[in-house]
Amino acid sequence: MYGQGILKGLWVTFRHFVNTYVDDIRYAGRKYLRQENFAIRQGLKAQGAFTVQYPDEKLAVPERFRFTPFLVVNDPDHPEAPGDDWCTSCGICAKVCPPQCIWIVRGSDPTTGRPVPQPEAFFIDIDICMNCGFCAEFCPFDAIKMDHNYELASYDRTSHHIHDKQYLSRPLSYWKTIAPTTALEEAVARGGWEHPDVLKAMKKAGQTAVTPTWDNMFTKPEPAAKPLPPAESADEDPAKAERLRKREEALARKRAAEAGEPAQPAAAAVEASAPAPAAPTADKPKFDKQAMLEKIRQRKADKG
Ligand code: SF4
Ligand code: SF4
């Protein structure tokens, strides 16, 4: 009848209120000390108040939760290329980012100066990022993902909130841990756990990648085939061989110029270039991180 619903609601509230104290007695002072107790208090059998003692306790976020982006790199124990970037600095993420908060500096070969598919610098201004996830959606190399870490408060937003490449880089195993289902789906769609370019090269070389499964997700599977041939091997491709020869000549000329020696003839130059030590890179204009940060701050200030 009238007022019955109100009384029922009040009874539920009162029960929770009393159960909170009963719970305290039941856990004998260990209510907030053990992780398993936290899991029980957040489960279906929970009684009493459901308060989470943040930041000592944190609720697990769902797998699809997304906060700021991070860059995927190879695991440190990767057999061929530990820590290598998955990002090819193609710039698609920067283009699709609605508030335009991604800045990328493309890497270049230290000797020839030619662009290489690797970012030299990568910045994301997380004060501007709106966590839309477009960058991760559009990246053709699965190289940028949305992180679960939402604790980003700091006392200095001008520098700490502009995440650089070093801060952004996380190993693939981290992505597998925070989003196992998605990581597996993506790997199956790619055709292996490796970077798409590596898989493409393996396919070209007639090799088969290890099929991604739950079982091999966190274990290092045995390599399915022998190591890839060197990237520059161009025995069967005359155009590639010609490009390689020209590059070797250019390198040899550069080394000779740096050593103050007269340039060698082409054939000799190629021969000499093989055992030569790595060319010094002192002349290469260094990427100025401070200047880049200054530019970003200026742009931020201009935008108000
Ligand atoms: S993160 Fe992806 S989309 Fe962005 S530059 Fe790198 S490879 Fe391209
Ligand atoms: S999540 Fe959205 S706003 Fe943030 S960097 Fe990616 S595309 Fe830009």
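## The surroundings of ligand 1 and three backbone features

In this predicted model, the residues around ligand 1 are Cys-87, Thr-88, Ser-89, Cys-90, Gly-91, Ile-92, Cys-93, Ile-104, Cys-139, Phe-141, Ala-143 and Ile-144. When this shell around ligand 1 is sorted by class, nine of its residues are nonpolar and three are polar, while none is charged.

From the ligand we can turn to the backbone, beginning with a residue whose number falls between two members of that list. Asp-142 sits in the loop between helix 4 and strand 4, the strand that covers 144–146, and its phi is positive, at about 55 degrees, although Asp-142 is not a glycine. Is Asp-142 buried or exposed? Asp-142 counts as buried because it has 20 C-beta neighbours inside 10 Å, and the cut-off for that label is 20 or more.

A second residue with a positive phi is Asn-131, where the angle is near 60 degrees, and this residue, too, is something other than glycine. Asn-131 belongs to the loop that runs between strand 3 (115–125) and helix 4 (134–138). Asn-131 has 14 C-beta neighbours inside 10 Å, and therefore it counts as partly exposed, a label given to residues that fall between the limits of 12 or fewer for exposed and 20 or more for buried.

The last feature concerns a peptide bond rather than phi. Which form does the bond from Tyr-54 to Pro-55 take? This bond is cis, with omega near 5 degrees, and Pro-55 itself lies in the loop between helix 2 (35–41) and strand 1 (69–73).

How values were computed:
Residues numbered from 1 in each chain as written. Chains lettered and ligands numbered in written order. Predicted model: local features only at pLDDT ≥ 70, side-chain atom pairs only at ≥ 80, totals over all residues. Helix = DSSP H or I, 4+ residues; strand = E, 2+ residues; numbered from the N terminus. Near = placed C-beta within 6 Å. Nonpolar A, V, L, I, M, F, W, Y, C, P; charged D, E, K, R; others polar.
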